[in-house]
Amino acid sequence: MMKSTPLQQYGVITANYWAFTLSDGALRMLVVLYFYQLGYTPLAIAMLFLFYEFFGVVTNLVGGWLGARIGLNRTMQLGMALQIGALAMLLVDKSLLTVLWVMAAQALSGIAKDLNKMSAKSAIKLVVKEQQQGRLYQWVALLTGSKNALKGLGYFLGGLLLSMLSFQGAVWALIALVALGFVLSSVLLGEDLGRSKFKPKFKDVFSKSAALNRLSLARLFLFASRDVWFVVALPVFFISQLGWQHQQVGGFMALWIIAYGVVQSMAPRFTRSNSHSVFKQAQRYSGLLALVTLLLLLALVFIGNNSNAQTWVLVLGLLLFGAVFAINSSLHSYLVVKLADRDAVSLDVGFYYMANASGRLIGTLLSGWLYQVSGLLACLACALMLQLATWWVSRHLSSGEQSEG
């Protein structure tokens with residue numbers, strides 16, 4: 001095999017990350033729609049993702065350490081193999097698809113997803129020169145935005161596959177997609193991109209940077225505030241209250257995430273022309289997100305149970321919410337790569353995405369429980385409180401920046 005450059009290695013890792021993300025989005029939509037169709041309650045559906053999110057917390061800690069020791073190419077390949085195993089677990093007879101079995105399959109999928117994410121996000125730090133912070137911001141935004149656009153396409157794919165094929169047929173199609181990525185990465189990845197010059201001990205997974213710790217806490221609150229109403233409550237509300245069909249829910253949420261990804265990739269255009277520091281902008285946009293959520297909550301309270309009005313308010317409100325959230329997320333994604341130690345980047349990035357996974361875990365559980373006991377408005381009210389917490393933590397982010405040339 002010819003020796004490849006770090007940039008070529010990163011290109012292969014990114015392509016595999018995209019393929020994996022497509023399958024991950026499709027699988028999530030398949031699980032939500034199929035198990036609601038089987039009669040599962042919103043809380044039970046949320047519980048299906050419990051291990052997915054919990055093991056994301058663990059994997060980001062262990063995966064960052066593992067990537068520093070054995071290289072990001074191997075963590076990427078391991079993630080693809082685990083995703084194939086997770087999908088294969090769902091091919092059993094319908095009578096065997098118990099909550100615990102699906103939770104175990106989702107646990108494997110969660111481990112796989114975060115190994116892939118950590119590998120791709122860490123690699124970008126190594127292919128951009130330290131002084132080129134402007135380019136770093138653009139590349140991080142492009143990677144993050146394109147990934148989410150593909151995840152949105154995966155949502156649409158999941159709804160489409162469930163409509164056209166059986167549940168098992170849809171799962172087989174996803175296995176074929178991931179297997180293709182695994183074979184290509186096995187052939188094309190050769191260098192140990194991201195292997196640390198020193199052998200980090202496991203205790204090194206915990207960040208010693210105060211700025212990165214604060215950023216990680218803000219990230220936890222931010223993603224909990226999204227998932228508390230987006231993951232379970234929203235698709236179930238569309239089906240049970242507004243009468244949407246599965247393909248309509250999958251299609252709309254796909255388009256929302258695609259648009260969200262496009263805005264993420266364009267975030268540098270919205271923020272770099274601003275005279276405020278990137279840390280200050282993280283605070284400002286978190287406050288704007290809380291304002292958008294407050295307006296959406298008040299609008300839903302005002303219109304009551306008018307389903308037509310609810311549809312318009314939710315659709316338009318989601319578009320505005322998604323745009324502001326995307327800029328928040330892109331700013332955070334850039335800041336963690338900026339603040340990470342170059343020689344142990346996967347350790348710092350892994351710690352940060354551990355906080356991200358913790359927020360998703362909290363938000364997912366709250367989404368199912370709050371919706372079941374109090375409805376969508378309670379989920380939105382909780383989202384607002386979490387966003388105010390994000391804004392408060394963001395006020396204390398470091399203001400010292402390197403040159404962004």
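Okay, let's start with the largest pocket: its lining splits into four nonpolar residues, seven polar ones and no charged ones. One thing to keep in mind throughout is that this is a predicted model. The residues around that largest pocket are Phe237, Gln241, Leu300, Gly304, Asn305, Ser307, Gln310, Ser374, Gly375, Leu376 and Leu377. For volume, the program puts the largest pocket at about 210 Å³. And if you want to find it by helix, α12 (307–339) and α14 (376–394) each supply at least two residues of the lining.

Let me step back to the whole chain for a moment. You're looking at 14 helices and zero strands. Of the 405 residues, 58% count as buried. Contacts reach across the sequence too: among those with a separation of 6 or more, 87% are between residues 24 or more positions apart.

How far can we trust it? The mean pLDDT of the chain is 79, with 82% of residues reaching 70 or more. Going helix by helix, α3 (residues 50–70) has the lowest mean, 73, while α14 has the highest, 94. Then there's the stretch 399–405, where the pLDDT is below 50, although in the model this stretch still has 20 contacts beyond near neighbours in sequence. Where pLDDT is low, the predicted coordinates shouldn't be read in detail.

Right, the enclosed spaces. How many cavities of 30 Å³ or more are there? The count comes to two. The largest cavity has a volume of about 280 Å³. Its lining takes in 26 residues, and nearest the centre lie Lys117, Lys147, Asn148, Lys151 and Arg360. The helices giving two or more residues to that lining are α1 (6–37), α5 (99–126), α6 (133–164), α8 (210–230), α10 (246–271) and α13 (345–374). In the lining of this largest cavity, I'd point you to the split: ten nonpolar, five polar and eleven charged.

Now hold that against the second largest cavity, with about 50 Å³ of space. Here the lining is seven nonpolar residues, no polar and one charged. By name, the lining residues are Arg28, Met29, Val32, Tyr155, Phe230, Val231, Pro235 and Met253. Helix α1 gives the most to this lining, with three residues.

On to the packing. The largest nonpolar core has 104 residues, and the ones with the most contacts inside it are Phe35, Phe167, Trp229, Phe238 and Leu314. Helix α12 gives the most to this core, with 14 residues. Apart from it there's another core, of five residues, among them Ile13, Tyr17, Met76 and Ala120.

Let's take two of those big-core residues in turn. Phe167 sits in helix α7 (residues 167–188). Is Phe167 buried or exposed? It's buried, at a relative accessible area of 6%. Leaving out residues up to four places away in sequence, Phe167 touches Leu30, Tyr34, Phe35, Leu90, Leu97 and Leu162. One more distance for you: the C-alpha atoms of Phe167 and Leu91 are separated by 8.5 Å, and the two residues are 76 apart along the chain.

The other one is Leu314. With the same four-place exclusion, Leu314 touches Trp229, Leu234, Phe237, Phe238, Leu242, Leu300 and Leu376. You've heard a few of those names already: Phe237, Leu300 and Leu376 are also in the lining of the largest pocket.

That leads to helix α9, residues 233–240. Why call it largely enclosed by the rest of the structure? Because seven of its eight residues are buried. Those buried residues of α9 are Ala233, Leu234, Pro235, Val236, Phe237, Phe238 and Ile239. Pro235 from that group also turned up in the lining of the second largest cavity.

Last stop, a serine. Ser330 is in helix α12. At 1% relative accessibility, Ser330 counts as buried, since the cut-off for that is under 20%. Its contacts, again not counting residues up to four places away in sequence, are Tyr137, Ala141, Gln264 and Ala267.

So, if you open the model afterwards, I'd begin at the largest pocket, with Ser307 and Gln310 among its lining residues. Then go to the largest cavity and look at Lys117, Lys147 and Arg360, which are among the residues nearest its centre.

How values were computed. Residues numbered from 1 in each chain as written. Predicted model: local features only at pLDDT ≥ 70, side-chain atom pairs only at ≥ 80, totals over all residues. Heavy atoms only, no water. 1 Å grid on protein atoms, 1.4 Å probe; cavity = no way out; pocket = protein on both sides within 12 Å on 5 of 7 lines; lining within 4 Å. Points joined across faces, edges and corners; volume = space filled by probe spheres on them. Helix = DSSP H or I, 4+ residues; strand = E, 2+ residues; numbered from the N terminus. Nonpolar A, V, L, I, M, F, W, Y, C, P; charged D, E, K, R; others polar. Buried < 20%, exposed > 50% of the residue type's maximum accessible area, 1.4 Å probe, protein only. Contact = heavy atoms within 4.5 Å. pLDDT = per-residue confidence, 0-100. Core = buried A, V, L, I, M, F, W, Y, C linked by side-chain atoms within 4.5 Å.
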